[in-house]
Amino acid sequence: SNIPGGISIAIKAGNATELAKYMNSTIELLLLEKEDFYKKNVAEAILKDFFNEYHTKDFTIRHQGAKNDAQYAIGNLRTEKGDFRVYFLLKRVNQDLLIHQIRIEADNGR
């Protein structure tokens, strides 16, 4: 099974509200060196600020897979202020596949 398509669409649109629909009630967010666990609404607000500042141009999933009960995906986020590598981890909660972790790191061409 693949990552829900709506996640890519939300990131590509820079839409944190839409992205939050796919989040677990608490998520681990690593954003530009800052890492913590946040309630969904707080994570949404932090990502909204990020998208407002960086203005998304494109997002492409480069790799996705599964391990144990989790799905993960790695993608490239292009913004007006540079490129980022995005990693997210999803786990099943009841019937839904929800985001438990998001990492957004500067992509220095490595």
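This report walks through the strands around β4 and the nonpolar cores of a predicted model.

## Ground rules

Residues are numbered from 1 along each chain as its sequence is written. Since the model is predicted, local features need pLDDT of at least 70 and side-chain atom pairs count only at pLDDT 80 or more, while totals for chains, interfaces and linings use all residues; side-chain values use heavy atoms, without hydrogens or water.

## Strand β4 and its partners

Let's start with β4, residues 70-79 (strands are DSSP E runs of at least two residues, and helices are H or I runs of at least four, numbered from the N terminus). Eight of the ten residues in β4 are buried, meaning under 20% relative accessible area with a 1.4 Å probe, protein chains only.

On one side, β4 pairs with β3 (residues 56-67) in the antiparallel sense over ten bridges; two strands pair if DSSP finds at least two bridges between them. T56 has T79 as its bridge partner in β4. Two residues sit between the strands of this hairpin, where N68 takes a positive phi near 50°.

β4 also runs antiparallel to β5 (residues 82-93), again with ten bridges. Here T79 has G82 as its bridge partner in β5, and this hairpin has two residues between its strands.

## The cores

The largest nonpolar core (buried Ala, Val, Leu, Ile, Met, Phe, Trp, Tyr and Cys residues joined through side-chain atoms within 4.5 Å) has 28 residues. L19, M23, L47, F88 and I102 touch the most other members. Elements supplying at least two residues each include α1, β4 and β5, and α3 gives the most, with five.

A second, separate core of five residues includes Y72, I74, Y87 and L89.

Conventions
Buried means under 20% relative accessible area, exposed over 50%, partly exposed in between (1.4 Å probe, protein chains only).
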